[in-house]
Amino acid sequence: KKPKPQETLPLYFSREEFNVFLNIIDDMDFKELVIFALLSGMRLAEMTNLKWTDVDLNRKVIIIQNSDTFKTKSGKSRVVPMNEELFKMLSLKKHEADNEYVFIKNGLKYRDEYVSKTFKRFVRQAGINEKLHFHSLRHSFASWLVADGVSLFEVQRLLGHSNPMTTMIYSHLQPERMHGTVNRIFINR
């Protein structure tokens, strides 16, 4: 039998760390990408390949789907709802749009490698945990929701996990909910 790999908890930003990090970023386009990542929970490749045709401002949703130039991780499409802050950000950005891609740098869509390296540079400048990486924004999205009482099922749907066990890595953030559950069992004496 192969030994099971040790389960590691996802690395995510605390709200304080995120504010410190955000204040360090001096590139407004990059800052917008970071905020979008935290508010949407989307993967980096999903964002760098996001086209305006996939943004439905009327329904306040983002459609993540396969195209000729992009394949989703699961191979399936999914719909990501926008919160009000994300909706306002995209509405303003849409008025300035002159490219088919939502996130661009110098007229071209962001390259994933550029985003990762730039992100790491800002993490170091902020003086926060250097192990944080761009995917930590996705973990932060999920962790903050779970910590605020959102069900793992809803988080699973938002993240697009096809296997609920993948989402279970966030279950450690709900200890109070477990106490409420076990307190439902009692004996009348």
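User: Which residues line the largest cavity?

Analyst: A cavity is a space where a probe fits but cannot get out. In this predicted model, the largest cavity is lined by Ala37, Met42, Arg43, Leu44, Met47, Phe134, His135, Leu137 and Arg138. Its volume is about 30 Å³, and the count comes to one cavity of 30 Å³ or more.

User: Which helix gives the most to that lining?

Analyst: That is α6, with three residues. Both α3 (44-48) and α6 (135-147) supply at least two residues each.

User: How do the lining residues divide into nonpolar, polar and charged?

Analyst: Six of the lining residues are nonpolar, one is polar and two are charged.

User: Let's try a single residue. Is lysine 117 buried or exposed?

Analyst: Here a cut-off helps: exposed means over 50% relative accessible area. Lysine 117 has 64% relative accessibility, so it counts as exposed. You will find lysine 117 in helix α5 (residues 112-126). Its C-alpha atom is 9.2 Å from that of histidine 133, a residue 16 positions away along the chain.

User: And where is aspartate 54 found?

Analyst: Look in the loop between α3 and β1 (55-56). Aspartate 54 is buried, yet it has no salt bridge. To judge that, recall that a salt bridge needs a side-chain nitrogen of Lys or Arg within 4 Å of a carboxyl oxygen of Asp or Glu. For aspartate 54, the nearest side chain of opposite charge is lysine 51, 6.8 Å away.

User: What joins the side chains of aspartate 54 and glutamine 65?

Analyst: Those two side chains are joined by a polar contact of 2.8 Å.

Technical notes: Residues are numbered from 1 along each chain as its sequence is written. This is a predicted model: local features need pLDDT of at least 70, side-chain atom pairs count only at pLDDT 80 or more; totals for chains, interfaces and linings use all residues. Side-chain values use heavy atoms; hydrogens and water are left out. Helices (H or I, at least four residues) and strands (E, at least two) are DSSP runs, numbered from the N terminus. Buried means under 20% relative accessible area, exposed over 50%, partly exposed in between (1.4 Å probe, protein chains only). On a 1 Å grid over the protein atoms alone, a cavity is a set of points where a 1.4 Å probe fits but cannot get out, and a pocket is an open set with protein on both sides within 12 Å along at least five of seven lines; lining residues have an atom within 4 Å of a point. Grid points are joined across faces, edges and corners, and a volume is the space filled by probe spheres set on the points. Ala, Val, Leu, Ile, Met, Phe, Trp, Tyr, Cys and Pro count as nonpolar, Asp, Glu, Lys and Arg as charged, and the others, Gly among them, as polar. Lys and Arg count as positive and Asp and Glu as negative; His and the chain ends are not counted. A polar contact is a pair of N or O atoms within 3.5 Å; within protein, one must be able to donate a hydrogen and the other to accept it, and residues adjacent in sequence count only if both atoms are side-chain atoms.
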